[in-house]
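Visitor: Could you take me through one part of this structure up close? I'd like to hear about the metal site and whatever sits along the chain around it.

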Amino acid sequence: MDEATEEEARTYERDGFLVIPSFLSEGECFALMDRAKRLVDSFEVPSRDRASVFSTNEQTRTSDEYFLASGSRVSFFFEEEAWDRGALRHDKSISINKIGHALHELDEVFAPFSKSERLRDITRSVAGMKTPELVQSMYIFKNPLIGGDVSCHQDASFLITTPPSVVGLWFALEDATIENGCMWALPGGHRGPLRKRFSRAPEGDARGTVMTTLDETPLPAPAPSEPWIPLEAKRGTMIVLHGLLPHWSSSNRSTRSRHAYALHFVDGEAAWAADNWIAR
Ligand code: FE2
């Protein structure tokens with residue numbers, strides 16, 4: 001390992017994240033953005049009139065089924081604020097929250113990018129993974145004006161292994177700033193326990209998925225101030241995120257989108273929970 005990499009690995013170990021500016025070229029960012037645009041262009045917006053027919057519970061279950069299936073598909077998730085009764089309030093191009101969760105397996109542009117040895121090397125050299133296995137991908141739009149917030153969480157809650165082993169690679173495809181909803185992180189917070197566990201509900205449980213509290217150790221309330229720090233990132237920046245690092249992002253009320261692509265790896269050396277929401 002060269003000296004620069006050793007320094008990066010130390011920073012990651014200390015903070016629970018590492019910001020690497022200019023990891024991607026502008027061209028690479030534009031290629032991913034262009035592909036996402038084409039995916040959205042060819043996506044047919046489903047009717048929303050079901051919303052006025054189904055009860056809340058049924059709606060929840062329906063979205064859970066779509067969500068659960070998305071682990072092995074290229075699925076589109078709308079912004080909460082995208083709909084006004086039966087119709088989209090804005091053009092579909094700015095109504096989608098994210099595309100997930102198997103772009104890395106199925107998409108002709110995202111798959112080769114996601115599976116490149118260059119990324120796998122980062123998980124080894126910076127995050128100390130032994131056998132990195134790519135399990136999830138998402139393209140996040142954080143669209144202007146309606147881009148929703150992401151509440152405080154640890155990524156390891158959503159991809160359960162024993163011991164926790166998730167490492168996230170997050171790519172800024174556009175500049176992420178405080179104004180357009182960049183991530184906020186708690187430096188060193190990855191040394192705390194895993195608070196929650198998100199999993200498939202047991203057979204016969206209509207909820208589809210369940211969130212279980214594992215540890216009540218509180219976290220500072222999310223706020224755009226200390227001890228949280230903003231992870232502002234210029235286009236092309238890659239952020240390596242420890243799976244136990246608490247982080248969140250606010251909604252985007254600015255007029256500029258904040259596109260990002262995120263990948264999650266787990267270590268093949270760790271035991272994969274059978275009730276993970278995503279099948280492997
Ligand atoms: Fe996250």
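Guide: Here is a walk from the metal outwards, then a short look at some aromatic contacts elsewhere. Keep in mind that this is a predicted model.

Let's start at the iron ion. His153 (NE2), Asp155 (OD) and His247 (NE2) coordinate the iron ion, at 2.1 to 2.2 Å. Read along the chain, these donors follow the spacing H-x1-D-x91-H. Asp155 sits in the loop between strand 7 (150–153) and strand 8 (161–162), while His247 belongs to strand 15 (residues 247–249), so this pair ties together parts that are 92 residues apart in sequence. Asp155 and His247 are both buried.

Now stay on strand 15 for a moment. Trp248 lies in that strand and Trp228 in the loop between strand 12 (209–213) and strand 13 (229–231), so the two tie together parts that are 20 residues apart in sequence. They form an edge-to-face aromatic pair, 6.1 Å centre to centre with 80° between the planes. Trp228 counts as buried because its relative accessibility is 2%, and Trp248 counts as buried too, at 7%. The loop that carries Trp228 has another feature: the peptide bond from Glu226 to Pro227 is cis, with omega near 5°, and Pro227 is placed in the loop between strand 12 and strand 13.

Back to strand 8, on its other side. The peptide bond from Thr162 to Pro163 is cis, with omega near -10°, and Pro163 is in the loop between strand 8 and strand 9 (167–172).

Next comes the loop between strand 6 (132–140) and strand 7, where you'll find Lys142. Lys142 isn't a glycine, yet its phi is positive, about 40°. With 3% relative accessibility, Lys142 counts as buried. Leu145 is also placed in the loop between strand 6 and strand 7, and its phi is positive as well, near 70°. Leu145, though, is partly exposed, with a relative accessible area of 44%.

As for the aromatics, a search of the whole structure finds 16 aromatic pairs. One of them is Phe43 with Phe76, a stacked pair at 4.0 Å centre to centre and 10° between the planes. Both Phe43 and Phe76 are buried. There is also one aromatic cluster formed by Phe23, Phe110, Phe113, Tyr139, Phe141, Phe171 and Tyr261.

Finally, charges over rings: Arg280 lies over the face of Trp272, at 4.5 Å from the ring centre, and Lys98 lies over the face of Phe77, at 5.8 Å.

Notes: Residues are numbered from 1 along each chain as its sequence is written. This is a predicted model: local features need pLDDT of at least 70, side-chain atom pairs count only at pLDDT 80 or more; totals for chains, interfaces and linings use all residues. Side-chain values use heavy atoms; hydrogens and water are left out. Donors are N, O and S atoms within 2.8 Å of the metal (3.2 Å for Na, K and Ca); water is not among the atoms, so sites may look incomplete. Helices (H or I, at least four residues) and strands (E, at least two) are DSSP runs, numbered from the N terminus. Buried means under 20% relative accessible area, exposed over 50%, partly exposed in between (1.4 Å probe, protein chains only). Rings of Phe, Tyr and Trp (its six-membered ring) pair if their centres lie within 6.5 Å; planes under 30 degrees apart count as stacked, over 60 as edge-to-face and the rest as tilted. A charge sits over a ring if NZ of Lys or CZ of Arg is within 6 Å of the ring centre and within 35 degrees of the ring normal.
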